[in-house]
Amino acid sequence: MYAVIRTGGKQYRVAPGDVVKIEKTGAESGNIEFSDVVAVSGSEGKFEQDLKGAKVTASVVGEGRGDKILVFHYKRKKQYKKMQGHRQDYTQVRIDSIEVDGNSYSASK
């Protein structure tokens, strides 16, 4: 059982119990509900047709910053070099349940 959700301009394939790093959200603690569900699959190769009311609930595990990415600009023959670093903020969430068509799939503990 898995779902594809859209958040922060990206799509993530999630299953109950997964821990995923998503773009930073305003929620610092508590639960997050993703209602923008792109696809839901209950079994191998089969997708749910009606996604109306489908949602994925998750709980916030933590926040942080990603690894440093170096951005290097260079123009040949002009003696121009510029180095810049970037670290992206993220929110780490644990997927609790996937709900579609009145059925709820949650992580087995």
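These legends go with a handful of close-up views of one predicted model.

Some housekeeping comes first: the model is predicted, so local features need pLDDT of at least 70 and side-chain atom pairs count only at pLDDT 80 or more, whereas totals for chains, interfaces and linings use all residues. Residues are numbered from 1 along each chain as its sequence is written, and side-chain values use heavy atoms, with hydrogens and water left out.

**View 1. The whole chain, an all-strand affair with zero helices and eleven strands.**
Helices (H or I, at least four residues) and strands (E, at least two) are DSSP runs, numbered from the N terminus. The radius of gyration is 19 Å, well over the 13 Å that the globule rule gives for 109 residues, so the chain is more spread out than a compact globule. That radius is taken over C-alpha atoms, and the globule rule is 2.2 Å times the number of residues to the power 0.38. Along the principal axes, the C-alpha atoms fill a box of roughly 65 × 30 × 25 Å. Of the 109 residues, 28% count as buried (under 20% relative accessible area; exposed is over 50%, partly exposed in between; 1.4 Å probe, protein chains only). Take contacts (heavy atoms within 4.5 Å) between residues at least 6 apart in sequence: 62% of them join residues at least 24 apart.

**View 2. An open sheet of four strands, ordered β2-β1-β5-β6.**
The pairing here is antiparallel; two strands pair if DSSP finds at least two bridges between them. β2 (10-14) and β6 stand at the edges with a single partner strand each, so one side of each has no neighbour in the sheet. Further in, four bridges join β1 to β5 (residues 37-43), and Y2 stands opposite S41 in β5.

**View 3. Y2 and its company: a ring and a charge.**
Y2 and F47 make an edge-to-face pair, 6.5 Å centre to centre with 90 degrees between the planes. Y2 belongs to β1 (residues 2-7) and F47 to β6 (residues 46-47), so the pair ties together parts that are 45 residues apart in sequence. F47 counts as partly exposed, at 45% relative accessibility. The charged end of R13 sits over the ring of Y2, 3.8 Å from its centre (the criterion is NZ of Lys or CZ of Arg within 6 Å of the ring centre and within 35 degrees of the ring normal).

**View 4. F72 and Y74, a stacked aromatic pair.**
The centres of F72 and Y74 lie 6.3 Å apart, and their planes are 15 degrees apart. Rings of Phe, Tyr and Trp (its six-membered ring) pair if their centres lie within 6.5 Å; planes under 30 degrees apart count as stacked, over 60 as edge-to-face and the rest as tilted. F72 is partly exposed at 47% relative accessibility. A search of the whole structure finds two aromatic pairs.

**View 5. Strand β4 (residues 31-34), with one face covered and one not.**
I32 and F34 make up the covered face, N31 and E33 the uncovered one. Side chains in a regular strand alternate between the two faces of the sheet. Four bridges join β4 to β7 (residues 55-65), and the two run antiparallel. In this pairing, E33 stands opposite T57.

**View 6. T91, a buried residue of strand β10 (residues 89-100).**
T91 counts as buried because its relative accessibility is 0%. A polar atom of the T91 side chain lies 3.2 Å from the backbone nitrogen of T25. Leaving aside neighbours within four places in sequence, T91 is in contact with residues including V20, I22, T25, A27, V60 and G62.

Definitions and conventions
A polar contact is a pair of N or O atoms within 3.5 Å; within protein, one must be able to donate a hydrogen and the other to accept it, and residues adjacent in sequence count only if both atoms are side-chain atoms.
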